[in-house]
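Me: I would like to go through this structure slowly, with a question and a reasoned answer at each step. Please show it to me before we begin.

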Protein chains: 2
Amino acid sequence: MTPPSTPPIFDTRFQDRLDDLFRWRRDVRRFRTDALPAGLLDRLLTTADTAPSVGLSQPWRFVTIDDPARRAAVRADFEACNAAALAAQADARANRYAHLKLAGLDRAPCHLAVFVEPDPTQGHGLGRQTMPESVSFSAVIAIHTLWLSARTHGIGLGWVSILDPDRICTIADVPDSWRLIGYLCLGYTEEEAISPELERAGWETRRPTPRLSR
Amino acid sequence: MTPPSTPPIFDTRFQDRLDDLFRWRRDVRRFRTDALPAGLLDRLLTTADTAPSVGLSQPWRFVTIDDPARRAAVRADFEACNAAALAAQADARANRYAHLKLAGLDRAPCHLAVFVEPDPTQGHGLGRQTMPESVSFSAVIAIHTLWLSARTHGIGLGWVSILDPDRICTIADVPDSWRLIGYLCLGYTEEEAISPELERAGWETRRPTPRLSR
């Protein structure tokens with residue numbers, strides 16, 4: 001992958017295909033168990049390193065979770081947090097909530113925990129004095145970069161947020177300063193769809209959002 | 001833009017072009033003053049609405065800032081925050097910091113403030129009980145979606161984070177609950193480069209990030 005020496009021009013065909021990618025991305029919870037192609041995760045992580053970051057701080061930290069005991073502990077934490085979320089649902093929606101599949105932790109072949117170093121030396125503090133959350137935001141964009149790239153290789157990604165972030169830090173045994181941004185499942189998907197699973201399950205509907213002018 | 005009825009297959013040419021897009025994206029601070037093409041901002045905002053969001057909550061809120069007095073107030077806030085950041089720099093780096101151009105607020109034809117509704121009714125709270133920051137993260141991904149799409153149309157984006165977020169909420173006169181995620185400048189760029197401006201200015205160097213396995 002040698003970068004071109006002149007800036008690329010993106011034609012209308014690419015623009016339209018990129019729109020297709022955005023529309024077909026999906027947050028996947030139903031995975032096949034077969035492994036990712038050899039070398040792909042490494043390529044995706046290299047691509048993620050090209051994400052923008054505040055002050056060029058690159059504060060994202062990627063940790064693959066392969067150990068069966070650690071994976072079991074993550075699944076147990078998800079089950080506990082999800083049970084608490086179910087209990088907090090209004091009666092009218094609790095039954096619907098209980099039937100949702102909200103994580104692919106059971107079958108996804110690749111588990112990737114993503115953390116942020118909230119006070120990185122890299123970047124020398126630039127751009128994050130008034131909005132320190134911009135450091136976490138950089139890690140979020142690295143995840144999204146990886147997510148889009150994975151989808152073009154036929155690999156789905158599911159972002160699990162129904163977890164106790166401190167507990168995941170403990171399970172993953174990461175440095176004390178790191179904070180969890182997201183726990184990702186990756187793998188081939190059991191199905192493809194242009195609409196979000198939460199929409200197909202009747203939970204919520206995607207819609208145009210309001211826009212203001214000032 | 002009718003969506004295809006069957007899932008798209010992304011070939012190696014598209015995968016490579018997407019990598020080009022990630023590498024040539026840039027956080028732009030040097031803009032031409034000519035306006036965006038008619039209809040493009042609307043298209044970009046529609047594309048941003050396809051971003052993933054926790055619980056399908058779509059919590060991002062886009063506000064174009066056109067009023068000259070509001071724009072002047074934003075520039076003044078940036079100048080104040082940037083002066084404070086300069087004063088906080090170590091002596092060894094202060095001179096270098098002072099010479100960086102850290103915002104394109106002076107010339108960019110389009111100013112877009114992006115807020116989050118931290119407690120949206122849409123989504124019914126799903127997925128954000130243990131990690132409420134996932135709501136803000138959704139808005140970050142909407143920005144990144146817009147950013148990538150803009151670049152394919154030849155439009156650069158610069159994310160300004162050296163601002164007092166509460167002050168920007170006041171200037172933009174948004175609902176009390178909203179919080180600033182980022183203030184974006186959009187427009188044609190004065191230059192294209194494959195390396196970040198902070199790297200070319202000798203501030204920081206992009207590098208491969210550490211990866212752990214557990």
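**Two chains, step by step**

Reply: D173(B) has its place in the loop between α6 and β4 of chain B, where helices (H or I, at least four residues) and strands (E, at least two) are DSSP runs, numbered from the N terminus. This is a predicted model, in which local features need pLDDT of at least 70, side-chain atom pairs count only at pLDDT 80 or more, and totals for chains, interfaces and linings use all residues. Residues are numbered from 1 along each chain as its sequence is written, while chains are lettered from A and ligands numbered from 1 in the order in which they are written.

Me: Is D173(B) buried or exposed?

Reply: A residue counts as buried if 20 or more other C-beta atoms, placed from the backbone, lie within 10 Å of its own, as exposed if 12 or fewer do, and as partly exposed in between. Because D173(B) has 11 other C-beta atoms within 10 Å, D173(B) is exposed.

Me: What is phi of D173(B) near?

Reply: D173(B) is a residue other than glycine, and its phi is a positive value. That value is near 55°.

Me: Which helix of chain A gives the most to the side that touches chain B?

Reply: Residues are in contact if their C-beta atoms, placed from the backbone, lie within 7 Å, and the contact takes 84 residues from chain A and 85 residues from chain B. Several elements of chain A each supply at least two residues of that side, including α1 (12-24) and α3 (68-88). The element that gives the most, with eleven residues, is α5(A).

Me: In what order do the five strands of the open sheet lie?

Reply: Two strands pair if DSSP finds at least two bridges between them, and in this open sheet the pairing is mixed. The edge strands, each of which pairs on one side only, are β5 of chain A and β3 (156-160) of chain B. The order is β5(A)-β1(B)-β2(B)-β4(B)-β3(B).

Me: Which residue of β4(B) is the bridge partner of H111(B)?

Reply: Strands β2 (residues 110-116) and β4 (residues 179-187) of chain B pair in the antiparallel sense over seven bridges. Within β4(B), the bridge partner of H111(B) is C185(B).

Me: How are the two copies related?

Reply: Chain A superposes on chain B by a rotation of 180° with 0.0 Å of shift along its axis and an RMSD of 0.0 Å, the fit being by least squares on the C-alpha atoms of residues with pLDDT of at least 70 in both. The two copies are therefore related as by a two-fold rotation axis.

Definitions and conventions:
Two residues are in contact if their C-beta atoms, placed from the backbone, lie within 7 Å.
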